[in-house]
Amino acid sequence: MHLSEITHPNQLHGLSVKQLEAIAQQIREKHLKTVSASGGHLGPGLGVVELTLGLYQTLDLDRDKVVWDVGHQAYPHKLITGRYNDFSSLRQKDGVAGYLKRCESKFDHFGAGHASTSISAALGMAIARDLQGDDYKVAAIIGDGALTGGMALEAINHAGHLPNTNLVVVLNDNEMSISPNVGAIPRYLNKIRLSPPIQFLSDNLEEQLKQIPFVGDSFSPELDRVKEGMKRLAMSKVGAVFEELGFTYMGPVDGHNLSELINTFKEAHAKGGPVLVHVSTIKGKGYEIAEKDQVGYHAQSPFNLTTGKGYPSTKPTPPKYSKVFAETLVKLAEDNPKVVGITAAMATGTGLEKLQATLPQQYIDVGIAEQHAVTLAAGLACEGMRPVAAIYSTFLQRAYDQIVHDVCIQNLPVFFCLDRAGIVGADGPTHQGMYDISYLRSIPNMVVMAPKDEAELQQMIVTGIEHTDGPIAVRYPRGSGYGAPLMEEGWEALPIGKGEVLRQGDDLLLLGYGSMVYSTMQTAEILSEHGIEATVINARFVKPLDEELIAPLAQKIQRVVTFEEGCLMGGFGSAVAEALLDNDVNVPILRLGIPDILVDHATQAQAKTALGLTPAQMADKILKRFALAQRELASMG
């Protein structure tokens with residue numbers, strides 16, 4: 001059977017191990033061909049090919065439920081659940097999503113783009129099954145990196161308290177999340193793997209056997225089996241921990257041995273109660289380049305499959321915002337030992353690996369634990385440190401209560417740096433940074449700012465570190481800046497709550513915020529071609545808003561348009577409307593931004609076009625909203 005013939009996972013039933021191994025090879029080939037052509041997550045899916053086939057061989061996916069943690073490790077799942085023919089459209093507009101989506105396939109039983117959720121969701125399904133008197137199987141697959149998330153531990157604690165609730169948890173142990181795992185749990189797993197007594201016995205045995213005449217290296221297959229047995233003995237200590245928590249522990253299992261996986265999963269389903277199957281895998285398995293660089297090949301832009309190298313850009317591009325942030329922070333941290341950068345397992349994505357390499361004593365990685373990261377920052381701030389929590393906008397949502405309760409209520413000077421704010425592109429709804437303006441500006445004591453370009457980001461990094469009166473946040477987009485000249489040093493902090501006028505005009509007042517300021521200026525130029533002159537303001541701060549600048553101009557000009565790359569509900573435009581209302585300025589307002597919809601996966605440019613957020617589209621909306629086109633024609637007549 002060829003992979004292209006599989007449209008339902010139940011077609012795996014009855015296939016021999018040899019046939020499944022052939023399908024595994026085809027999955028890797030399709031996976032590599034697709035991701036190398038269009039980009040996407042590479043290493044995670046390659047590591048779970050046999051795990052997926054082995055598990056699905058033991059399930060009836062017309063009834064049974066499987067919950068994948070995060071979802072970017074589920075490309076093999078997609079390839080055997082009817083999406084083979086469309087897989088080349090992965091993460092492209094109107095194509096196959098990079099994460100699981102319940103609306104995309106009946107086999108995507110739970111959608112997730114954030115880690116540590118699978119056990120909770122699967123346990124909910126298992127409890128629902130029992131309450132409804134059904135008997136289908138439920139399995140959750142979670143990586144060892146995701147176990148650092150408190151939610152996963154809460155779910156394990158609950159599941160272990162339910163001895164009669166059948167649930168299989170598969171621990172995909174590859175010693176990695178996106179970056180190498182940190183924390184006591186991954187360290188414990190590594191400690192057992194590398195236990196000195198086991199390592200000593202293994203190494204000593206190997207050396208002794210090599211001294212036997214006529215044996216030498218020829219004993220290696222048998223020796224490998226002995227060493228593997230020792231490793232299993234050591235890993236039984238891991239099992240003891242889960243057994244104490246109420247789980248039946250099975251493993252560790254070789255995650256690339258289909259026979260062993262199938263037999264183990266069958267036994268796990270037959271056990272009853274909560275069962276944890278510990279599967280040892282290699283991230284990037286089957287593609288040697290990815291196996292050797294598991295961080296770099298977690299996800300990739302299009303690349304040459306033979307060399308593993310990306311394609312060089314045809315023209316130079318400005319530096320990425322994350323790079324500007326990181327390099328500026330490092331220079332400031334070198335002069336201020338109280339500055340501490342904090343990441344939640346995203347050192348590479350946020351750029352903080354530069355701080356780690358330069359000033360490791362001023363760098364903290366808490367693992368996939370955003371809630372802990374924020375309250376840790378609060379504790380550092382209590383003792384006079386200058387914590388900089390660099391967390392993607394979408395992931396900071398996970399720590400909302402900590403922002404409110406532990407930071408803002410106590411008015412602690414924590415500096416939040418929100419990368420990938422706004423439209424992020426191919427990752428889709430789970431990763432769009434749409435909501436941070438709304439969820440931050442509503443909290444007392446919080447200051448919220450956004451730069452118009454990479455040079456202003458430098459100033460805002462200084463502003464955030466020097467602001468000691470309470471919490472402050474800066475949001476900046478994914479991708480490259482605009483080529484604004486950067487300064488090596490000598491940056492000055494911006495006055496809190498003050499915007500700037502970029503252009504003068506009497507017909508319209510255009511207020512741009514953050515990544516939309518350049519588009520606001522371009523929109524003003526298009527309007528100027530129609531004989532309509534606009535004043536353009538770079539707001540810089542949504543909280544506090546520069547009411548002293550905005551209100552008088554709005555009163556004078558009488559027509560106001562706001563521009564933002566975030567949700568309109570509770571966003572920048574709402575802040576402007578509220579401020580004008582409070583200042584008794586009753587003028588018509590057009591708010592341009594993201595309506596109350598989920599923005600699906602596509603390129604950033606495609607998403608903006610679909611949302612009507614290109615300068616030409618926005619100029620057209622403005623002309624129609626204020627009937628300015630008719631006015632222009634009348635004046636010409």
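Trainee: Which residue just after α15 takes a positive phi?

Mentor: In this predicted model, that residue is Gly384, whose phi is about 90°.

Trainee: How do you know that the span of α15 agrees with that of a helix of 13 residues?

Mentor: The helix covers residues 370-382. The expected span is 1.5 Å times one less than the number of residues, which gives 18 Å for α15; its end C-alpha atoms are 19 Å apart, and the two values agree.

Trainee: Which residues of α15 are called buried, and what makes them line one face of the helix?

Mentor: Buried means under 20% relative accessible area. The residues of α15 that meet this criterion are Glu370, Ala373, Val374, Ala377, Ala378, Leu380 and Ala381. Viewed down the helix axis, they fall within an arc of 160°, and therefore they line one face. In general, an α-helix has 3.6 residues a turn, so residues three or four places apart point the same way.

Trainee: Against which elements do the buried residues of α15 pack?

Mentor: Contact requires heavy atoms within 4.5 Å. The elements against which these residues pack are the strands β8 (339-343), β9 (363-365), β10 (386-390) and β11 (415-418), together with the helices α16 (393-396) and α17 (400-408).

Trainee: Why is β10 described as largely enclosed by the rest of the structure?

Mentor: Five of its five residues are buried, so the description follows. Arg386, Val388 and Ala390 point one way from the strand, while Pro387 and Ala389 point the other way, and all are buried.

Trainee: What makes β8 and β11 paired strands of β10?

Mentor: Two strands pair if there are at least two bridges between them. β8 and β10 have four bridges, in the parallel sense, with Val388 as the bridge partner of Gly341. β10 and β11 have three, also in the parallel sense; here Ala389 stands opposite Phe416 of β11. Both pairs thus satisfy the criterion.

Trainee: In what order do the five strands of the open sheet stand, and which of them stand at the edges?

Mentor: The order is β14-β16-β15-β18-β19, with mixed pairing. β14 (500-503) and β19 (589-594) stand at the edges: each has a single partner strand, so one side of each is left without a neighbour in the sheet. Neighbouring strands are turned by 25° against each other on average, direction ignored.

Trainee: How do you know that β15 and β18 pair, and which helix packs on this sheet?

Mentor: Strand β15 (residues 508-512) and strand β18 (residues 560-567) share four bridges in the parallel sense, where at least two are required. Gly512 stands opposite Phe563 in β18. Helix α21 (residues 547-557) packs on the sheet and touches β14, β15, β16 (534-538) and β18; its direction makes about 150° with that of β15.

Trainee: Why are the buried residues of helix α6 placed on the same side?

Mentor: The buried residues of α6 (residues 150-159) are Ala152, Ala155, Ile156 and Ala159. They cover an arc of only 100° around the axis, which puts them on the same side. The face turned away carries Glu154 and Asn157, which are exposed.

Trainee: What makes the link between Lys101 and Asp600 a polar contact?

Mentor: The limit is 3.5 Å for a pair of N or O atoms, and the contact joining these side chains is 3.0 Å. Lys101 lies in the loop between α4 (75-79) and α5 (118-131). Leaving aside neighbours within four places in sequence, Lys101 is in contact with Asp108, Asp600 and His601.

Methods:
Residues are numbered from 1 along each chain as its sequence is written. This is a predicted model: local features need pLDDT of at least 70, side-chain atom pairs count only at pLDDT 80 or more; totals for chains, interfaces and linings use all residues. Side-chain values use heavy atoms; hydrogens and water are left out. Helices (H or I, at least four residues) and strands (E, at least two) are DSSP runs, numbered from the N terminus. Buried means under 20% relative accessible area, exposed over 50%, partly exposed in between (1.4 Å probe, protein chains only). The arc is that of the directions from the helix axis to the C-beta atoms. A polar contact is a pair of N or O atoms within 3.5 Å; within protein, one must be able to donate a hydrogen and the other to accept it, and residues adjacent in sequence count only if both atoms are side-chain atoms. Axes are lines fitted to C-alpha atoms, for helices over the stretch in contact, and angles run from 0 to 180 degrees between N-to-C directions.
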